[in-house]
Every structure is written in C-alpha cells, then in structure tokens.
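Please look through the following model slowly, beginning with the ligand and the residues that surround it. The paragraphs below then move outward to the space it fills and to the backbone.

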Amino acid sequence: MSTDEPSDNDRIKRRIERREFIKKAGAGTLLVALGGGIYRLAGDDLTRKAQGQTRDDGRKRLPPGQKVLESLRPMGGEPGNPKMKDFRLKVHGEVAKPFTLNFDELLAMKQVEQEADVHCVTGWSMLGGLWRGVRVKTLAEQAGLKKDAHFVIFESAHGYTANVSLKEALKPNVMVVHRLNGKPFKRQHGAPVRALVPDRYFWKSSKWLTGIRFVKRDKPGYWETRGYHNIADPWKEQRYG
Ligand SMILES: Nc1nc2c(c(=O)[nH]1)N[C@H]1C(S)=C(S)[C@@H](COP(=O)(O)O)O[C@H]1N2
Ligand SMILES: [Mo]
C-alpha cells in the first residue's frame with residue numbers, strides 16, 4: 001500500500017462519519033458549522049427532504065427557489081427596546097374598542113403554540129419552528145373589528161411597517177409571537193415580540209412589534225415601497241414588485 005494516499009479503511013471511516021453527521025443534521029441537532037462545505041451538505045440534505053413533502057393545504061412544503069437552513073439567520077434591521085417591562089402593543093384602527101397590551105396582558109390572552117415554516121426572500125427557509133403567542137384573529141375579535149377593515153399594518157420600532165390583507169392576517173397561522181422553540185427571542189430576532197406571517201416572505205414578519213393597525217385601504221410598508229412585492233407569496237415567487 002502506498003503512503004501518499006489514504007487507505008480504503010480511512011476513506012470508508014470518513015464516509016461513515018460524514019453520513020452520521022448529516023443524519024444528525026437532519027434531526028435538527030446540528031449546532032456547529034464545521035466549515036461551509038459540510039454545512040452546505042447538511043442543508044442540501046434537508047432541502048431535498050423538504051422538496052419531497054406536501055403541506056396539508058396541498059402546496060409543496062418548500063416554495064420554489066428556497067433552501068433549508070437549520071435556524072433563523074439574523075437579517076438585521078434597527079432593533080427596538082427588547083425589555084419585556086417596557087413592551088406595549090397597540091391594537092387600533094378600524095376597530096370598535098382599540099386597546100394597548102403590556103407583556104403580562106399579552107400573556108393573559110389565549111396562547112397558541114404551533115409549528116410554522118418561514119421563507120426569506122433571499123432564498124433560505126427555516127422549517128418546523130415551534131412558535132408561541134397570540135393569533136392576530138384573537139386580537140381582532142377582542143378589539144371588535146369593523147366591517148370596513150380590509151388590510152392589516154404591522155407597526156414596529158423606528159417606523160418599520162409591513163402590510164398584509166385582512167384575509168391573510170386572520171388565518172390561524174398568523175400570530176404575534178414571543179417564543180420560538182420554547183425560548184424568548186434574542187434582540188436581533190425581534191425581542192420581545194414579533195409578528196409571524198408564515199405564508200408570506202419573511203419580511204412581512206415584523207420584528208420589535210409595537211402595533212397592529214386595521215385599515216380600510218392598503219398601505220405598502222418598508223420593503224414594499226423599496227421594490228419588493230406587495231403581496232409576497234413565496235409559492236408564486238412574488239419577490240419583487
Ligand atoms: N422591524 C423590523 N422587522 C423586520 C425587519 C426589519 O428590518 N425591521 N426585517 C425583515 C426581514 S427582511 C426579514 S428576512 C426578517 C428576518 O428575521 P430574522 O432576523 O429573525 O431572521 O425580519 C423581518 N422583520
Ligand atoms: Mo428579508
């Protein structure tokens with residue numbers, strides 16, 4: 001056997017190690033990226049798996065042009081105040097009984113914890129996160145939604161906004177969330193509370209949420225006025241306006 005080539009044994013051992021690694025990654029336990037190469041392999045594996053899956057509503061699990069990542073990638077934005085004690089959420093606009101909630105009051109409303117996939121317009125998706133919070137529908141009912149409300153504006157720190165149709169906002173998977181996989185959000189991911197609109201590109205999920213405004217007429221938000229699509233349906237690849 002020559003000494004300048006790896007032995008068959010070495011090669012097989014390495015292949016098994018790699019397979020074990022990918023298996024673990026598939027189970028969602030990958031915590032460290034051991035170099036870009038292996039990380040991408042793990043992601044490719046998850047992406048292929050997701051491409052073979054179908055949602056309850058008949059859509060493919062993974063929208064076109066997306067790759068799966070293990071966890072949320074911090075995408076920036078100008079952070080708001082992350083302190084729970086300072087948190088206020090204003091529910092207002094076309095409602096009979098506008099109100100403001102502090103963090104304890106938000107927790108006192110009906111909580112739901114449910115899985116949802118999210119899809120960033122830059123091409124990554126994070127699948128199966130367990131999100132906890134209050135449905136926008138619950139907040140709308142509490143506020144006495146008026147008949148002429150047709151759109152919802154998510155309002156965040158420093159004037160960031162995102163708009164969705166009322167029809168989308170009242171779906172059971174659209175929420176105001178304060179936990180992901182059992183843990184509070186880090187500041188960069190929107191602490192203490194962000195919006196979650198799983199079936200729209202992820203920019204619609206406003207971080208550092210301060211208000212939910214129900215409005216008659218649509219009002220394109222931060223990214224929607226900067227060249228991104230007003231509706232942002234990932235299955236239609238509505239990336240740019
Ligand atoms: N307030 C606020 N919310 C925001 C943003 C922002 O800049 N400000 N960026 C959006 C974009 S473009 C994306 S992709 C997601 C990213 O969330 P993440 O950083 O937790 O991954 O947040 C969205 N919510
Ligand atoms: Mo984004």
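In this predicted model, a good place to begin is Lys207, where a polar side-chain atom lies 2.6 Å from an oxygen atom of ligand 1. His189 also brings a polar side-chain atom to 2.6 Å from an oxygen atom of the ligand, whereas for Arg73 it is a backbone N or O atom that lies 2.6 Å from an oxygen atom of ligand 1. Taken on its own, ligand 1 has 530 Å² of accessible area, and the protein covers 95% of that area.

Which residues come nearest to ligand 1 among the 20 around it? They are Arg73, Met75, His189, Arg194 and Lys207, so that the three residues just described as contacting oxygen atoms, Arg73, His189 and Lys207, belong to this group. Considered by class, the shell around the ligand is made up of 10 nonpolar, seven polar and three charged residues.

From the ligand the view can widen to the space that holds it. Ligand 1 takes up the second largest pocket, which has a volume of about 520 Å³. The lining of this pocket consists of 25 residues, and those nearest its centre are Met75, Gly76, Tyr160, Lys207 and Trp223. Sorted by class, the lining residues comprise 13 nonpolar, eight polar and four charged ones.

Two details of the backbone remain to be followed, each of them in a loop between strands. In the loop that runs between β9 (183–184) and β10 (194–196) one finds Pro192, which is joined to Ala191 by a cis peptide bond with an omega of about 0°. The other detail concerns His158, a residue of the loop between β6 (151–156) and β7 (161–165), whose phi is near 60°, a positive value in a residue other than glycine.

Note on methods: Residues numbered from 1 in each chain as written. Chains lettered and ligands numbered in written order. Predicted model: local features only at pLDDT ≥ 70, side-chain atom pairs only at ≥ 80, totals over all residues. Heavy atoms only, no water. Near = heavy atom within 4 Å. Polar contact = N/O pair within 3.5 Å; in protein donor to acceptor, adjacent residues only side chain to side chain. Areas by Shrake-Rupley, 256 points an atom, 1.4 Å probe, with all protein chains shown as cover. 1 Å grid on protein atoms, 1.4 Å probe; cavity = no way out; pocket = protein on both sides within 12 Å on 5 of 7 lines; lining within 4 Å. Sits in = over half its atoms within 2 Å of the grid points. Nonpolar A, V, L, I, M, F, W, Y, C, P; charged D, E, K, R; others polar. Points joined across faces, edges and corners; volume = space filled by probe spheres on them. Helix = DSSP H or I, 4+ residues; strand = E, 2+ residues; numbered from the N terminus.
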